[in-house]
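Reader: Could you walk me through this one, starting with the sheets and then turning to the empty spaces?

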Amino acid sequence: MREFRYERADDVDGAVALLAGHPSGAFLAGGTNLVDLMKLGVATPDLLVDVRELTSAEVTDLPDGGLRIGAGVPNADLAADPRVRQRFPVLSQALLAGASGQLRNRATSGGNLLQRTRCGYFTDITVPCNKREPGSGCGALEGVHRNSAILGQTLDGPGTCVATHPSDMAVALAVLDAVVRVTGPDGERQVPVTDLHRLPGDDPSRDTTLRHGELIIAVDVPALGFPSRYRKVRDRASFAFALVSVAAAVRVDDRVVTDVRLALGGVAHRPWRARAAEDALRGQPPTEAAFAAAADAELAAATPLRDNGFKVPLARNLVVRTLLDLVEGSR
Ligand SMILES: Cc1cc2nc3c(=O)[nH]c(=O)nc-3n(C[C@H](O)[C@H](O)[C@H](O)COP(=O)(O)OP(=O)(O)OC[C@H]3O[C@@H](n4cnc5c(N)ncnc54)[C@H](O)[C@@H]3O)c2cc1C
Ligand code: SF4
């Protein structure tokens with residue numbers, strides 16, 4: 001039995017101050033990930049600061065047509081919000097592709113972004129894992145890694161890690177150029193969501209660029225003037241994390257792709273914004289051949305492992321199908 005303290009603060013500043021003095025403490029939101037990890041002995045905080053009721057549970061309009069999503073907005077409410085469904089279908093679809101109805105009722109926007117990898121070696125404290133116990137090794141590299149990363153991994157040295165980031169919502173937010181608003185011991189700052197999560201580098205224990213004690217307050221999603229879509233492939237129809245997912249938004253004027261945003265999930269330690277594919281596609285006709293060439297440009301950097309090479313053609317086909325659906329739907 002491990003003891004920990006549970007605290008509530010009167011306001012956001014109080015919560016930040018409480019955690020600042022506890023390097024081994026953690027914020028608690030819906031608890032759907034953190035409490036599971038505590039039960040497994042993977043997370044061992046000595047203090048939980050409950051922020052679920054402290055951060056806003058509202059979605060509000062921004063002047064440019066965008067939305068501000070409070071960190072406390074339940075995933076279910078966000079997916080069902082008519083403004084999200086109409087203006088940002090990629091976000092609603094991504095949320096509905098994740099977890100289950102009951103979990104989405106409890107899980108929050110802030111917690112969803114900061115959920116941890118589902119690599120089976122990370123969640124089993126009897127086996128080596130550099131993310132959970134730095135320097136212990138990476139069980140997945142030569143072990144069971146069918147669902148591991150194909151891009152941006154660290155394949156040798158003490159930083160070895162081939163885990164994937166699990167959040168569907170984060171992939172959609174990457175395509176939407178969302179900005180995460182945080183407050184911490186050093187004040188407030190804004191972090192583009194594409195800079196929030198990191199690759200393993202030489203320290204896979206750090207999933208994000210947040211500093212200890214920084215609290216996510218809200219996520220701002222700027223207006224998007226063209227169609228968007230999320231598509232996820234998984235081993236079963238629900239209650240499963242992505243093998244590969246694609247978030248896409250594309251604008252076509254006079255049979256030319258004039259703007260495109262693409263991100264991949266299930267392929268890397270962070271949501272993978274596919275900039276090489278975007279660059280390859282801008283100015284091209286919206287054809288299957290052009291979409292395939294763009295996907296190939298992105299996936300040329302892939303370094304699949306022994307058992308997950310299937311993710312490369314899967315990602316390619318998913319990009320092509322999702323873009324075709326978008327342009328066919330917007331004709
Ligand atoms: C069986 C199962 C299946 C699932 N399937 C999917 C899936 O397919 N796709 C998917 O995307 N997700 C899936 N999920 C994950 C689920 O979406 C997350 O567990 C959930 O979104 C986490 O939100 P939470 O509010 O419960 O976070 P918590 O568990 O409370 O917290 C998670 C982390 O975020 C930190 N945190 C929470 N709020 C803040 C904040 N405001 N500021 C700073 N730090 C904060 C906590 O300290 C903790 O480290 C699944 C979960 C389960 C249990
Ligand atoms: S892939 Fe990363 S999370 Fe999984 S065992 Fe290796 S170090 Fe741990």
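Author: What follows goes through the sheets, one helix, and then the pockets and cavities.

Author: This is a predicted model, in which local features need pLDDT of at least 70 and side-chain atom pairs count only at pLDDT 80 or more, while totals for chains, interfaces and linings use all residues. Residues are numbered from 1 along each chain as its sequence is written, chains are lettered from A and ligands numbered from 1 in the order in which they are written, and side-chain values use heavy atoms, with hydrogens and water left out.

Reader: What is the strand order in the open sheet of three strands?

Author: The order is 1-3-2, with parallel pairing; strands here are DSSP runs of E with at least two residues, helices are runs of H or I with at least four, and both are numbered from the N terminus. Two strands count as paired if DSSP finds at least two bridges between them.

Reader: Which strands stand at the edges, then?

Author: Strand 1 (5-8) and strand 2 (26-28) do, and because each has a single partner strand, one side of each is left without a neighbour in the sheet. Neighbouring strands of this sheet are turned by 30° against each other on average, direction ignored. Strand 1 pairs with strand 3 (residues 47-50) in the parallel sense over four bridges, and Arg5 stands opposite Leu47 in strand 3.

Reader: And where does helix 1 lie?

Author: Helix 1 (residues 12-20) lies across strand 1, strand 2 and strand 3, and runs at about 170° to strand 3. Contact means heavy atoms within 4.5 Å, and the angles, from 0 to 180 degrees, are taken between N-to-C directions of lines fitted to C-alpha atoms, for helices over the stretch in contact.

Reader: Switching to the sheet of five strands, what is its order?

Author: The open sheet is ordered 4-5-8-6-7 and its pairing is antiparallel, with strand 4 (59-61) and strand 7 (187-192) as edge strands that pair on one side only. Within this sheet, strand 5 (residues 67-70) and strand 8 (residues 215-221) share four bridges in the antiparallel sense, Leu67 standing opposite Val221 in strand 8.

Reader: Why is strand 10 described as largely enclosed?

Author: Seven of the 10 residues of strand 10 (residues 244-253) are buried, so the rest of the structure largely encloses this strand; buried means under 20% relative accessible area, with a 1.4 Å probe and protein chains only. Strand 10 pairs in the antiparallel sense with strand 9 (residues 228-233) over six bridges and with strand 11 (residues 256-265) over nine. Strand 10 and strand 11 form a hairpin with two residues between them, and Asp254 in the turn has a positive phi of about 50°.

Reader: Now the empty spaces: how many cavities of 30 Å³ or more are there?

Author: There are three, and the largest cavity has a volume of about 80 Å³. On a 1 Å grid over the protein atoms alone, a cavity is a set of points where a 1.4 Å probe fits but cannot get out, whereas a pocket is an open set with protein on both sides within 12 Å along at least five of seven lines, and lining residues have an atom within 4 Å of a point.

Reader: Which residues lie nearest the centre of the largest cavity?

Author: Of its 17 lining residues, Cys119, Cys129, Cys138, Cys161 and Ala163 lie nearest the centre of the largest cavity.

Reader: What about the second largest pocket, how much space lies in there?

Author: About 360 Å³, and of the 25 residues that line the second largest pocket, Arg118, Cys119, Gly120, Asn147 and Thr164 are the closest to its centre.

Terms used:
Grid points are joined across faces, edges and corners, and a volume is the space filled by probe spheres set on the points. Buried means under 20% relative accessible area, exposed over 50%, partly exposed in between (1.4 Å probe, protein chains only).
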